[in-house]
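Let's take a walk through a protein chain together, one stop at a time. Keep the picture open as you read.

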Amino acid sequence: MAKLLIVDDEVKIRDMIRKYALFEGYEVEEAEDGMAAVERCRTQDFDLIIMDVMMPNLDGFSACKEIQKMKNIPAIMLSARGEEYDKLHGFEIGVDDYVVKPFSPKELMMRVQAVLKRVQGTHSNPMKKDLFTFQGLTLDFAARVVTIDGERVDMTPKEYALFAYLVKNEGIALTREQLIRDVWGYDFFGDDRTLDTHMKLLRKSIGKYSRLIVTLRGVGYRFEIV
């Protein structure tokens, strides 16, 4: 049974999510703000956090950063704002999904299920030991580490998964649908903009080697040694 932490300063929203989460068979804990969420995570383990962005004392993004210093827990952010900047910032700090208020609690539970399924799949199917090297760029599949000129590149789990998939399929034209299906999963509820956002973050992370990711207009992307 997966254990969820619901973090929101609005009691009604916490109650609504708790009701649906319990119905789906999840174990649930609650926190009224980011500070309380960090303290809960110090003493307990959770399989996933549902975190509101705008909260007193400590906002959701800052709380996620603090929690990630202690534990690697997937997170779904809730926000009344749907601007690209907010989503981009969330994905930059490693958030797994982003839901704009008002939202359907049934859809939220489906997103929870999808994130947990992806995380569990990653843990149960580790990549075979392999090493990709091009000039100063190295990708160690066994260690799940990317380095450039000997310096480790700080990537979110989704950035790494996307980059590893591109490298594994070097020279192959990958459609947008294929990337979303194989990196996010068949049950992903996002859209093409999520892929574009992560691709933008990935290119920023690998800096001068971003040229190796070629955009195929109207098709998708290809990783190509040029």
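Where is the place of Ile13? Look in helix H1, because that's where Ile13 sits. Before going on, bear in mind that this is a predicted model.

Is Ile13 buried or exposed? Its relative accessibility is 13%, so Ile13 counts as buried, the cut-off being under 20%. Setting aside residues up to four places away in sequence, Ile13 touches Asp8, Lys101 and Phe103. Two of those names come back in another role: Asp8 and Lys101 belong, along with Asp52, to one network joined by salt bridges that share partners. For a sense of scale, try finding Tyr221, which is 208 residues away from Ile13 along the chain. The C-alpha atoms of Ile13 and Tyr221 are separated by 39 Å.

Now for the charged pairs. Side chains of opposite charge can pair when their charged atoms come close. How many salt bridges does the structure hold? There are 13 of them, and a few deserve a visit.

Stay with helix H1 for a moment, as Arg18 is in it too. Arg18 forms a salt bridge with Glu30, and their closest N and O atoms are 2.4 Å apart. Glu30 belongs to strand E2 (residues 27–31), so this pair links distant parts of the chain, twelve residues apart. Arg18 is partly exposed, at a relative accessible area of 27%, whereas Glu30, at 16%, is buried.

Next, hop over to Lys71 and Asp45, another salt bridge, with 2.8 Å between the closest N and O atoms. Both of these residues come from loops: Lys71 from the one between helix H3 and strand E4, and Asp45 from the one between helix H2 and strand E3. They are 26 residues apart. Lys71 has a relative accessibility of 22%, which makes it partly exposed, while Asp45 is exposed at 56%.

A further pair is Arg111 with Asp97, whose side chains meet in a salt bridge at 2.9 Å, N to O. Why does this pair tie together separate parts of the chain? Because Arg111 lies in helix H5 (residues 105–124) and Asp97 in strand E5 (residues 97–100), parts that are 14 residues apart in sequence. Arg111 and Asp97 are both buried.

Let's move further along the chain, to a sheet. Four strands make up this open sheet, in the order E6-E7-E8-E9, with antiparallel pairing. Its edges are E6 (131–134) and E9 (151–152), each of which pairs on one side only. E6 and E7 (residues 137–140) are paired over four bridges, and there you can spot Leu131 standing opposite Asp140 in E7. Helix H6 (residues 157–168) lies across E6, E7 and E8, running at about 100° to E7.

Helix H6 also leads us inside. In soluble globular proteins, nonpolar side chains tend to be buried together. The largest nonpolar core here has 30 residues, and Leu162, Phe163 and Leu166 are among those with the most contacts inside it. E6, E7, E8, H6, H7, H8 and E12 each supply at least two residues of this core. Which element gives the largest share? That is H6, with seven residues. Leu162 itself is in contact with Leu179, Val183, Trp184, Leu195, His198, Met199 and Leu202, leaving aside its neighbours within four places in sequence. Apart from this core lies another, of 23 residues, including Ala36, Ala37, Met51 and Phe61.

How values were computed: Residues numbered from 1 in each chain as written. Predicted model: local features only at pLDDT ≥ 70, side-chain atom pairs only at ≥ 80, totals over all residues. Heavy atoms only, no water. Salt bridge = Lys/Arg side-chain N within 4 Å of Asp/Glu carboxyl O. Buried < 20%, exposed > 50% of the residue type's maximum accessible area, 1.4 Å probe, protein only. Contact = heavy atoms within 4.5 Å. Pairing = 2+ DSSP bridges. Axes fitted to C-alpha atoms, helices over the stretch in contact; angles between N-to-C directions. Core = buried A, V, L, I, M, F, W, Y, C linked by side-chain atoms within 4.5 Å.
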